[in-house]
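New to this one? Here's a quick briefing to read alongside the sequence and the 3D view.

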Amino acid sequence: MMKSKILAAAGAAIITAAVSTAALADITILAWPGGPAEVALRKVVDKYNETSDSKAELLYFSRDNFFDKMLADSAAGSTEFDVMLTATYNVGKYAPFMVPINDLITDDVMTVFPQSAIDSQAYEGKVYGIPTDLSLHFLYYRTDLIDELLSNDEWKAKYGEISEEYLGTKMEPKMPDAWTWDDFIASALFFTQSINPDSPVRYGTVLQMKNLLFNIMIWQGTVASYGGNWMDADGNITIDSDAYRKGLDIFKKITELEATPGDSNSYEYAEANGAFGTGQVAFFIQWSAAYAEFINADDYPAIADKFDITHEPAGSEGPKTHFHALGLGINKASEKQDEAKAFLSFLASEEVMSMYAKEGGQPPVVDTIIQAVASDRPDMLAMGDHTGKYGIVMNGSTAAEALGVYSNMAENFTAYWNGALDQDTAIANVEAYMKDAYGK
């Protein structure tokens, strides 16, 4: 398994890499592909290889079915990677195939990470990973377009006409930090040229609706903002609810009114970034990792100095965002346990985590480290603030069954958005799967 290492161009949906000196490597690190996190980790590994007697190489493969592939390999006792990815939502599932690293969580390490970050990599009292990246969602928006909308009387009048025609209520434009989901929809329609020919951009927003579990993590902020959850306090599955129907209908309405690109059913992170980065989309919901990409004016000249971030729109329960932490831990089958631990100890140092943050990573580190890089990375300040105020973890979403649930939701809910299933069937399919998975 995983015998080939595929090298793809930056920004492609499948991003892979391997160090050319593979035969000389002492350990292999299987990490999350793409985005600033990959760029930052490459630099950390280069630093490690310059300063350590041990050497490390990086291994990446497609985001599609990433965790299924990693599970199959680790469960089979593969020794092709020594250090492997961890995540808050699946650490329990992979724990049987990993080595606890509580002995690495020293007093020095606890000056780098808050306890909550270490807890995000723990299962049943044992720590399995060094946290590397906090992931949540921002609303990215074009400041120039919003400023014009709020100051141009003709635009305001048109906005009112469009909202009344399509939403049944004459609305007034607002700053994005005051948006509800109705404001999100109305603004998406206003900035879509097929609805408003005078819009300076082609689409109001871009949705990520590929059948992929990570896209459901983005979408579920809609559900949570209306009080929706996976299950109630007694463990009863609660998918068949008004909150889920409202969340599903937000994406459905935008899709049917063509306020997102027509091929959005094939979009995930890279494609959505590409759409916004061309300057032809007014705003969208995206992972926090994208901020470090967009501030690179050489890569995204069309939006340079023309965008900002805020929290997701509010439902009846206010704004909400999914969040989790990624990390790196040790494959139990690895024959290089000491070398793997040496690398993780190096990674968990203040110097290296500071470097990782400056190079584009998003580590969940203590405030002193965040403040040291905040002048160049205001997104890191927002991440901590948004996690505390708006972060949600769905009940049951850290269990071993969670990845399967996300995948099943992706299969059924994207089918609803694409017109292959009706809403009742999609919800019923997910409920049935969850009841079976959780034994309810």
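With 440 residues, a compact globule would be expected to have a radius of gyration near 22 Å, and the protein agrees, because its own value is 22 Å. Keep in mind that this is a predicted model. The points below go from the whole chain down to one pair of helices.

**Overall size and surface**
- Taken along the principal axes, the box filled by the C-alpha atoms is roughly 65 × 50 × 40 Å.
- The accessible surface adds up to about 17400 Å², and carbon and sulfur atoms account for 47% of that.
- As for the inside, 57% of the 440 residues count as buried.

**How the chain is put together**
- You'll find 17 helices and 15 strands in the protein.
- Take the contacts between residues at least 6 apart in sequence: 75% of them join residues at least 24 apart.

**A helix pair to look at: H16 and H17**
- Helix H16 covers residues 402–417 and helix H17 covers residues 423–437; their axes come within 9 Å and cross at roughly 170°.
- Angles over 145 degrees count as roughly antiparallel, and H16 and H17 are therefore roughly antiparallel to each other.
- On the H16 side, the contact is made by Gly-404, Val-405, Asn-408, Met-409, Asn-412, Phe-413 and Tyr-416.
- H17 brings Gln-423, Ala-426, Ile-427, Asn-429, Val-430, Tyr-433 and Met-434 to that contact.
- What kinds of residues make up the contact of H16 with H17? They split into 9 nonpolar and 5 polar, with no charged ones.

Methods. Residues numbered from 1 in each chain as written. Predicted model: local features only at pLDDT ≥ 70, side-chain atom pairs only at ≥ 80, totals over all residues. Heavy atoms only, no water. Axes fitted to C-alpha atoms, helices over the stretch in contact; angles between N-to-C directions. Helix = DSSP H or I, 4+ residues; strand = E, 2+ residues; numbered from the N terminus. Parallel < 35°, antiparallel > 145°, perpendicular 65-115°, else oblique. Contact = heavy atoms within 4.5 Å. Nonpolar A, V, L, I, M, F, W, Y, C, P; charged D, E, K, R; others polar. Rg over C-alpha atoms; globule rule 2.2 N^0.38 Å. Buried < 20%, exposed > 50% of the residue type's maximum accessible area, 1.4 Å probe, protein only. Areas by Shrake-Rupley, 256 points an atom, 1.4 Å probe, with all protein chains shown as cover.
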